[in-house]
Amino acid sequence: MIFKQLFDQKSSTYTYLIASSKGREALIIDPVLENVNDYISLLKDLDLELVKVIDTHIHADHVTGASELKELTKCSTIMGENTPAETVEIKVKDDEYINLDNLKIRAMYTPGHTSDSYSFLMDNYLFSGDTLLINGTGRTDFQNGNAKHAYNSIFNKLLKLPEETLLYPAHDYKGEKVSTIGKEKKYNPRLQVKSEDEYVEIMNNLNLKKPAEIDFNVKKNINLGA
Ligand code: FE
């Protein structure tokens, strides 16, 4: 399998490129508009045909490269069915599978950070978007975020996956690249709560600053960056 974890410096976003092998079909998760040319050269170097691009949710901190990639490669755009982005071609439901050659990627509806947040599981690789981060969790104070829903998505869905599941989030601000469900259960400070109420209390009192350019980014992303 080909697996590449790419990093956007400006927004600290991780983008993932997956393919079964050289010369085959590829899929990209959470592309960043400014880096589209890099993805195109990487696809060329690996002799891959981009067929699908997924956004885990409508991002607030960068503009998605989905539309640009679609224009350049004719790939299909995918998001969860709860997305407000009308131009998404394939809207997947909870537990639906996305096929890429012989690879199967399971869509998991994990709302809370935003109401349209999905995670994607391929074998033991979990792409958690901003639902579950390394040593953190996605904020729940904008874009119909909901701390109760986030608790349910994290504790009753993602943390139920096998401990050895590899966690690949959409962001990291401290240079961490990968973790596991087991490690997060044990060490993620946000997850060391005794109840849903305690989690909600923490999330509702983070008092974070509104991200710079959120209004512009969300408006663009509702159109998949076009
Ligand atoms: Fe986000």
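## Strands β2, β3 and β4

In this predicted model, Ile-18 lies opposite Leu-27 of strand β3. The strands concerned are β2, residues 13–19, and β3, which pair in the antiparallel sense over four bridges. Together β2 and β3 make a hairpin, with five residues between them. Gly-23 sits in the turn of this hairpin and has a positive phi of about 80°.

Strand β3 also pairs with strand β4, residues 49–54, and here the sense is parallel, over five bridges. Within this pairing, Ala-26 stands opposite Leu-50 in β4. Helix α1, residues 36–45, joins β3 and β4 in a right-handed β-α-β unit. Strand β3 itself spans residues 25–29 and is mostly covered, with four of its five residues buried.

## The six-stranded sheet

Strands of a sheet pair through backbone hydrogen bonds, either parallel or antiparallel. An open sheet is formed by six strands in the order β7-β8-β9-β10-β13-β14, and its pairing is mixed. Its edge strands are β7 (97–100) and β14 (179–180), each of which pairs on one side only.

At the β14 edge, the neighbouring strand in the order is β13. Strand β13 covers residues 166–169 and runs antiparallel to β14, the two being joined by two bridges. Leu-167 has Ser-179 in β14 as its bridge partner.

## The iron site

Which protein residues are donors of the iron ion? They are His-57 and His-113, each through NE2, and Asp-130 through OD. These donors lie 2.0 to 2.3 Å from the iron ion. Along the chain they follow the spacing H-x55-H-x16-D.

The pair His-113 and Asp-130 links distant parts of the chain, 17 residues apart. His-113 belongs to the loop between β8 (103–109) and β9 (118–122). Asp-130 belongs to the loop between β10 (125–129) and β11 (132–133). Are these two donors buried or exposed? Both His-113 and Asp-130 are buried; the term stands for under 20% relative accessible area. Strands β8, β9 and β10, which flank these loops, are also members of the open sheet.

## The largest pocket

The largest pocket has a volume of about 680 Å³. It is lined by 30 residues, and the closest to its centre are Asp-61, Leu-133, Arg-139, His-171 and Tyr-173.

How is the lining of the largest pocket made up by class? It has ten nonpolar, eleven polar and nine charged residues. Among the residues closest to the centre, Leu-133 falls within strand β11 (132–133).

Note on methods:
Residues numbered from 1 in each chain as written. Predicted model: local features only at pLDDT ≥ 70, side-chain atom pairs only at ≥ 80, totals over all residues. Heavy atoms only, no water. Donors = N, O, S within 2.8 Å, 3.2 Å for Na, K, Ca; no water. Buried < 20%, exposed > 50% of the residue type's maximum accessible area, 1.4 Å probe, protein only. Pairing = 2+ DSSP bridges. Right-handed = clockwise from strand over helix to strand, strands pointing away. 1 Å grid on protein atoms, 1.4 Å probe; cavity = no way out; pocket = protein on both sides within 12 Å on 5 of 7 lines; lining within 4 Å. Points joined across faces, edges and corners; volume = space filled by probe spheres on them. Nonpolar A, V, L, I, M, F, W, Y, C, P; charged D, E, K, R; others polar.
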